[in-house]
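Please open the structure in your viewer and follow the stops below in order, selecting each part as it is named.

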There are 2 protein chains.
Amino acid sequence: MVERKVQTMEDFATASGISRPTVSKYFNDPESVRQSTRARIEVALAKFNYTPNLFAVNQNRKQTKNIGIIVPYLADPFFAEMARLIERRCIDAGFWPILFSSHGQRQMEINALETLRSLKPAGALIAPLGRASDLDVMRKFADDVPTVAFDSNQDIGDAFVGSDNFQSIGLIVEYLCRTGEPPCFFEMPPVNPNANKRRAAYIAAMERLGQTPEIIHVGGQSWEFEKMGLEEGKRILAERKLPTNTVLCSNDRIAIGLLAAAYQMGLRVGHGEGCAIRIAGHDDHPWSQFTCPPLTTVSQNYAAIADCSVEKLFGLIATGTKSESREVKLFHGQLVLRSSA
Amino acid sequence: MVERKVQTMEDFATASGISRPTVSKYFNDPESVRQSTRARIEVALAKFNYTPNLFAVNQNRKQTKNIGIIVPYLADPFFAEMARLIERRCIDAGFWPILFSSHGQRQMEINALETLRSLKPAGALIAPLGRASDLDVMRKFADDVPTVAFDSNQDIGDAFVGSDNFQSIGLIVEYLCRTGEPPCFFEMPPVNPNANKRRAAYIAAMERLGQTPEIIHVGGQSWEFEKMGLEEGKRILAERKLPTNTVLCSNDRIAIGLLAAAYQMGLRVGHGEGCAIRIAGHDDHPWSQFTCPPLTTVSQNYAAIADCSVEKLFGLIATGTKSESREVKLFHGQLVLRSSA
DNA sequence: ATCAAAACTTTACGCGCGGAAATTTATTGT
DNA sequence: ACAATAAATTTCCGCGCGTAAAGTTTTGAT
């Protein structure tokens with residue numbers, strides 16, 4: 001009863017009294033064999049705990065079960081959470097997710113794409129770095145592999161899933177204008193299209209409401225948003241350059257830095273009595289509920305974006321057709337009212 | 001000049017005018033071929049951008065270049081950062097890191113181990129879940145694969161690399177006692193040995209300094225430390241159950257929650273005038289510098305732990321010997337003084 | 001120029017499995 | 001009970017590469 005030399009599928013087949021091709025069929029799709037043989041295989045499986053050699057399997061299958069996930073920055077809790085959700089969906093669907101982080105670096109994204117390609121993946125879910133991305137390399141990749149982009153719309157892949165920045169920014173601008181001074185806009189570094197879209201959305205919303213947009217410009221390509229929010233924030237607050245007492249940050253990580261800056265400058269943040277400044281964010285990052293004060297923000301629908309991305313990818317994989325038109329699906333954000341604004 | 005049907009190594013070999021076995025040798029170790037042939041290969045490589053089929057390569061090599069990295073919770077910035085450092089070291093050494101997150105769940109850790117095993121990895125770097133880990137499965141894995149454990153010392157693998165909790169906790173306890181009221185200890189959920197070690201280290205340090213240890217107990221197996229710090233913190237602060245005005249948290253994420261609780265209760269945190277409570281953490285998480293106020297803590301030496309883990313693993317892989325004794329390497333923490341305590 | 005060592009080429013086999021084709025066996029419905 | 005169909009079996013080839021063995025060429029030092 002001890003596990004013997006059952007290493008190959010051949011071994012396992014003879015040990016379980018079934019022919020190897022049938023066993024092979026079973027591993028490709030347990031439903032594809034007769035119920036009785038399936039049962040016999042599974043009995044033997046429990047006895048010998050054999051698993052097919054992954055490399056041999058994937059070498060011969062024209063299509064593997066691998067799905068690549070590439071995110072720009074895994075230390076960002078937004079992407080950590082997205083990765084977690086996507087991984088789970090893939091596993092549940094019988095696929096094998098492989099996670100890569102570009103760590104904010106162009107070359108690492110390129111490397112991830114190359115490595116991924118050599119894995120002959122069934123598909124890929126990519127949140128591009130953005131401006132730092134090598135679009136040519138990415139497009140070439142997407143030509144060969146069914147690819148869904150998410151978060152950052154770089155016009156690559158067969159579909160895009162993300163948030164409707166115009167809706168979400170509009171929502172919070174409207175809220176801020178309605179409940180106090182109209183906000184100025186603390187931008188994020190223009191690392192990706194979201195940065196520009198959110199700025200444009202802010203301007204549009206302000207003009208729609210008859211207000212004058214005021215933007216605090218930020219340059220660079222750094223992904224250390226908190227640091228930037230803190231340093232830039234301290235500078236601005238010290239110089240009293242703030243055009244209004246309300247700041248809408250391009251994302252929560254910037255806001256977290258700005259909250260720290262305000263705290264360190266002795267400014268009370270919030271909408272209540274005796275508060276000097278209101279600060280709002282965007283994304284509803286996992287940590288936003290633990291800031292001081294808790295951050296008012298607009299949530300991105302993490303679960304919906306993850307689900308939809310995965311569904312679209314599975315659709316592409318199933319049909320195998322490269323649709324001529326690139327689908328774009330945008331989800332609405334929801335106002336998350338806490339006490340910072 | 002356009003890339004032709006150079007798909008296999010055979011194609012590439014003929015295209016570059018070199019025999020396939022030599023090309024194969026080159027890909028296994030570019031140094032192993034003559035400088036002149038290496039140059040010829042690399043010229044052809046630039047021209048045809050061929051990459052060996054990963055599956056075919058790994059099927060035939062007795063030992064792959066894969067290195068598995070398993071962390072318990074990727075949304076924790078500590079592990080995100082460790083993963084980043086380790087990945088880089090592996091890539092630089094010509095290995096191929098594959099990252100898994102257990103997402104705090106026992107079954108996912110088991111799955112990761114199984115998947116990893118089927119990849120015939122050269123080695124593995126594992127930060128175990130801790131109490132939720134299936135130690136039998138893990139030991140069986142480590143019997144077959146050179147394995148280095150880090151962060152959480154579960155007595156698995158051929159070596160362990162981590163922080164010296166007794167030193168680091170001792171350091172901050174001494175600091176807190178020296179500069180104000182002796183601290184009570186807000187534990188983390190006992191998910192892993194670090195939790196118990198840090199509690200024990202706190203008790204030992206307090207007794208060494210002639211103080212009475214006071215512990216705020218926490219149960220459960222949740223990894224949502226901030227949430228726990230916030231909720232438990234609010235309860236304790238509301239009930240005025242705090243034995244002293246100084247709280248040492250078992251880790252920074254708990255401290256972040258407690259800081260939020262104190263803020264929401266209107267308590268001023270810090271060591272200055274008019275501060276009601278001092279709060280300190282442990283780990284120097286990437287976000288600790290952005291809390292309000294910035295968090296006083298003890299840093300873990302991320303880079304040293306990552307480097308040492310990887311070095312030890314490479315040593316194991318190189319020698320191929322299962323050392324009889326399990327090495328343990330602990331790094332010291334450093335006091336990071338900010339304004340929260 | 002000479003020669004041994006080093007590097008390369010040719011040839012050949014095997015890894016573990018997917019999958020096709022032809023044949024045999026088992027399962028349905030009437 | 002019988003065909004008609006579904007499922008398994010047997011046999012075989014190929015995937016792309018590692019790697020061993022034997023023979024050939026190149027290299028570098030004398």
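Begin at the surface near DNA strand D, which by class has nine nonpolar, 13 polar and four charged residues, where Ala, Val, Leu, Ile, Met, Phe, Trp, Tyr, Cys and Pro count as nonpolar, Asp, Glu, Lys and Arg as charged, and the others, Gly among them, as polar. This is a predicted model, in which local features need pLDDT of at least 70 and side-chain atom pairs count only at pLDDT 80 or more, while totals for chains, interfaces and linings use all residues. Residues are numbered from 1 along each chain as its sequence is written, and chains are lettered from A and ligands numbered from 1 in the order in which they are written.

Stay with the strand and select Thr22(A), Arg34(A), Met9(B), Ser24(B) and Asn60(B), which come nearest of the 26 residues around DNA strand D; a residue is near a strand if its C-beta atom, placed from the backbone, lies within 6 Å of it.

Next, select all of chain A, whose C-alpha trace spans about 80 × 45 × 30 Å along its principal axes. Buried residues make up 47% of the 341 residues in chain A, a residue being buried if 20 or more other C-beta atoms, placed from the backbone, lie within 10 Å of its own.

Finally, select Ile110(A), Leu113(A) and Arg117(A) in α6(A), which meet Val137(A), Met138(A) and Phe141(A) in α7(A), contact requiring C-beta atoms, placed from the backbone, within 7 Å; helices are DSSP runs (H or I, at least four residues) numbered from the N terminus. The residues of this contact of α6(A) with α7(A) divide into five nonpolar, no polar and one charged.

Terms used. Contact = placed C-beta atoms within 7 Å. Helix = DSSP H or I, 4+ residues; strand = E, 2+ residues; numbered from the N terminus. Buried ≥ 20, exposed ≤ 12 C-beta atoms within 10 Å, placed from the backbone.
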